[in-house]
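Hi,

Here is the structure I promised to pass on. Have it open while you read, as my notes follow below.

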Amino acid sequence: MDSALPGLRPTRSRVLIESEVVAMVIFVFTEVMLFAGFLSAYTIIGSGAPVWPPVGEPELPVGPTAVASLALILSGGAVMMSGRGATTRWLGVALGLAGVFVVWQVVEAVRLVQAGLTMVSSAHGGFFYTIVGAHAIHALVAMIVLSGCLWRQTRGGLSPGLFKAVRIFWYFVVGLWPVLYAAVYL
Amino acid sequence: MAESPSHAHDGHAHAGHGAHDGHGGHHEESWFVHYFWSTDHKMIAKQYLVTGMLMGVIGAYFAYVFRMQLAFPGKPVPGYGLVTGADYNALVTNHGAIMIFWVAMPVLIAAFGNYLIPLMIGCDDMVFPRINRLSYQIFAISAVLVVASFFVQGGAFGGAWTAYPPLSAKAEYSLTPAGSSLWLIAVALEFVAFLLGGINFVTTAMNSRAPGMKAFDIPIAVWMIVIASILFMASVGPLIAGALMLLFDQMIGTGFFDPDRGGDPILWQHLFWFFGHPEVYVVLLPAMGFVAEIITTFSRKKMFAYKTVLATTFATGLLSFFVWAHHQFIAGIDPRMANVFSVTTVLISVPIAEMCFVYIATLYGGSITFSVPMLWALAFIAEFLLGGVTGIYLGSSGADIYFHDTYFVVAHFHYTFFPIAIIGSFAGMTYWYPKMFGTFMNEAWNKLHFWVTIIGFNGIFLPLFITGASGDHRRIFDYTNFPELDTPELQSLRVLATVSLLVMLVIQPVFLINFFYSMFRGKKAGANPWKANTLEWQAASPPPHGNFPTLPEVYRGPYEFSVPGRDEDYWPQNSPN
Amino acid sequence: MIRLLLPLLLWVPAPAWACPSCFDPKDSRQSDFLWSTIGMSLLPLTMMAGIIGWFWWSLRRAPIENSAGAASAGASANV
């Protein structure tokens, strides 16, 4: 992402929406379809199974994850605030909250693996780790990019277009999660 | 994405903004940087073009080997040797995959998209030049991987380009433990490459247009490439999801597509075809766009119903999301779904037919020059029409029960894809060659190449309609094992197809030699040899880094040919009067 | 009119839903295939409509803060 900026071309016609934002919106479009594919597959396999999730599998931690989800959603709010002023502080808050979420995801995954739910134990386990893992990787990458923005902001070189694009990506990561949570955990 | 922070090209790229006199005095870039590390859209386009042509040669070689096996079963093929069943499967699979993902996509969308979009909309480069370079690099890696899959243990993947599980999901079924995973990784990387490219195309076309270029002043070719890119990006997500799941099935043993463990093999078809069908329109639209440019230029007429073409393009794009389940008519889908998808499938022929009518209407009354690009463009319409008409039989869910997996499907598919990927590419290459390299190709050799290719192509696939309708199943590698299909009549048709293929292949080196020879020895072409209006012809041939001496402004639409009251019969978009 | 309604009637009776490979015409996996097909087909169109709507909205709004928008775009472009 970062390398896009130094190589960005100046544009000449009246620019309605910054190039970075257009590019990010299109990218998010593709990402939404990626997760739509996962969810569609999950629904189909789930409804075809006699019992779903299969009997004898460890319970997913619905409650604690809900708390972690709250942290993620709040971080979305913090990122929104960071676009309106006090950027450094709000980005710090957002990264902290997002960190809570990602750390919880890792802890949860380790616990579930210990309890016997793995990628190969069943189709349900495979879907759980693929979907939740894909989201966690997105969150992680977005956090790295947000940290990059924070770093640039402290040095005064954060371009508004790029920052807006990164914020859009973060809204996507945050906005996607309740949907995944509802589909996978509930 | 780790790249050297301040690259030699960046100073260049920013300087290419009017201050062009300083161009020659710039630092010398090394040979490697110029050809392999360039951020210039024209060089990236040429990289895509040459890679695509190279992969095309490989794909054509595969076709030669398996066609020889079908016509003369059990005999060693000159230049290959004896074809085993596994070889045959690997060759057919990779012929399909390479021709679609590594020839049609890179040449039609990536090469011409990269080359034409900045030139046609009058800017000096893509909005994200480095992402563009990254796109080609990922694509090159994917091309290397797919070729490398032939040299790993177990050989290349042989489960057809659609990679249906369970055959593709488990090594004990596919017998290609490494080949199938390599193939899947290559395909996934290739999607990532086009995703990056497509984002660039859409953003550039939206934000970098020359001042004065309104939505309806954009050449059809740019519109079509942009719409195709959007279609690609809207449809590729589920397939990437499916590819990841299939890769997990292959490599770590998950059970997504394994019915024994709660999975469902039909699920793959669901995810694959969601992409697979829009993909057809992704490659069709750019070819349609080239044809529009060529037909208007060589009939010296204004595009008939420009806005109608745009509307039908949008309609095609919308409808293309509602036809994909027709690939699963006999996979046991819900009959309600089959009904709906039959209707939409037949329906999508309406906008495509309308485009063809519009092109014919553009020809009507024009002063037509039968130059080589024009011949290819006209051949495109004629041959694609045949492909479209045979698709109506296949789109009807009842008829498809009989036709499914016969050579009728193969012939129909090739009557659509050959015009798109090969005829469309040749049309584009011959039309923009003077712009790309500043010289003309030899016209006489090109005409010979055109006629032999077209006759050869029809000779291959017309017989296959007949064998397919007679029940020839497409997954058989040696018909001598099937007495009811091994009749002399059918076999003679297969031999006819193979001989036609040989004729077609023999002529291709003529084009290749002409292509590379003319770069150095061809007759010099001026900036605007075809007297066309679009902005790329107003730049020098070949355009220098930065494209235009002063970036153009646009005053009118792209197809103002033969305007009454003007001395010349063309009126460039950037000329004020 | 009846010709238009006839296909809709065909939608209704359960025996018409059966197919050679689905043993139960109301198999839940079958119907989920149907629904996710509908959903996945409509999703890109809705999103495209949303994005086009958003562009449209920005276009309509653009003249008001034109100078500010142009300034920020210029700033971002010249980094």
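Let me start with a small puzzle: does S180(B) count as buried or exposed? S180(B) counts as buried, because its relative accessibility is 4% and the cut-off for buried is under 20%. Before I go on, please keep in mind that this is a predicted model, and that every value here is computed from it.

**S180(B)**

You'll find S180(B) in helix α7 of chain B. A polar atom of its side chain lies 2.7 Å from the backbone oxygen of T176(B). If you leave aside neighbours within four places in sequence, S180(B) is in contact with F157(B), S174(B) and Q250(B).

**The second largest pocket**

Helix α7 of chain B also turns up in the lining of the second largest pocket. That pocket has a volume of about 1300 Å³. It is lined by 39 residues, and the closest to its centre are M206(B), R209(B), A215(B), W223(B) and F55(C). Three chains take part: the elements that give two or more residues to the lining are α1 (19–48) of chain A, then α7 (177–207), α8 (220–251) and α10 (306–319) of chain B, and α2 (28–61) of chain C. The most comes from α2(C), with 8 residues. As for the character of the lining, 32 of the residues are nonpolar, 4 are polar and 3 are charged.

**D264(B)**

Next, have a look at D264(B), in the loop between α8 and α9 (265–299) of chain B. Its relative accessible area is 7%, so D264(B) is buried. What does the side chain of D264(B) reach at 2.9 Å? The partner is the backbone nitrogen of I266(B). Beyond the neighbours within four places in sequence, D264(B) has contacts in its own chain with F256(B), F257(B) and D258(B), and also with I45(A), R29(C) and F33(C). If you want a feel for distances, D264(B) and R566(B) are 302 residues apart in sequence and 66 Å apart in space, C-alpha to C-alpha.

**N528(B) and E560(B)**

Two further residues of chain B are worth clicking on. N528(B) is in the segment after α17 (488–521), and E560(B) lies in the segment after α17 as well.

N528(B) counts as buried because its relative accessibility is 16%. Its side chain has two backbone nitrogens to look at: that of K531(B) lies 3.1 Å from a polar atom of the side chain, and that of A532(B) lies 2.8 Å from one. Not counting residues up to four places away in sequence, N528(B) touches W537(B), Q538(B) and Y570(B).

E560(B) has a relative accessible area of 17%, so it is buried. Which side chain does E560(B) join in a polar contact of 3.1 Å? That of K302(B). K302(B) is also among the residues that E560(B) contacts once neighbours within four places are set aside; the others are N533(B), D569(B), Y570(B) and W571(B). Y570(B) therefore appears in the contacts of E560(B) as well as in those of N528(B), if you take the cut-off of heavy atoms within 4.5 Å. In terms of distance, E560(B) and L363(B) are 197 residues apart in sequence and 15 Å apart in space, C-alpha to C-alpha.

**Chains A and C**

Chain A has 5 helices and 0 strands. Its C-alpha atoms fill a box of roughly 60 × 30 × 20 Å along the principal axes. Of its 186 residues, 58% count as buried. Among chain A contacts between residues at least 6 apart in sequence, 79% join residues at least 24 apart. Chain A exposes about 7200 Å², and carbon and sulfur atoms supply 70% of that.

Chain C has 3 helices and 0 strands. Buried residues make up 29% of its 79 residues. Chain C exposes about 5400 Å², with 74% of it supplied by carbon and sulfur atoms.

If you only have a few minutes, I'd go to the second largest pocket, where α2(C) gives the most to the lining, and then to D264(B), which has contacts with I45(A), R29(C) and F33(C) among others.

Cheers

Notes. Residues numbered from 1 in each chain as written. Chains lettered and ligands numbered in written order. Predicted model: local features only at pLDDT ≥ 70, side-chain atom pairs only at ≥ 80, totals over all residues. Heavy atoms only, no water. 1 Å grid on protein atoms, 1.4 Å probe; cavity = no way out; pocket = protein on both sides within 12 Å on 5 of 7 lines; lining within 4 Å. Points joined across faces, edges and corners; volume = space filled by probe spheres on them. Helix = DSSP H or I, 4+ residues; strand = E, 2+ residues; numbered from the N terminus. Nonpolar A, V, L, I, M, F, W, Y, C, P; charged D, E, K, R; others polar. Buried < 20%, exposed > 50% of the residue type's maximum accessible area, 1.4 Å probe, protein only. Areas by Shrake-Rupley, 256 points an atom, 1.4 Å probe, with all protein chains shown as cover. Polar contact = N/O pair within 3.5 Å; in protein donor to acceptor, adjacent residues only side chain to side chain.
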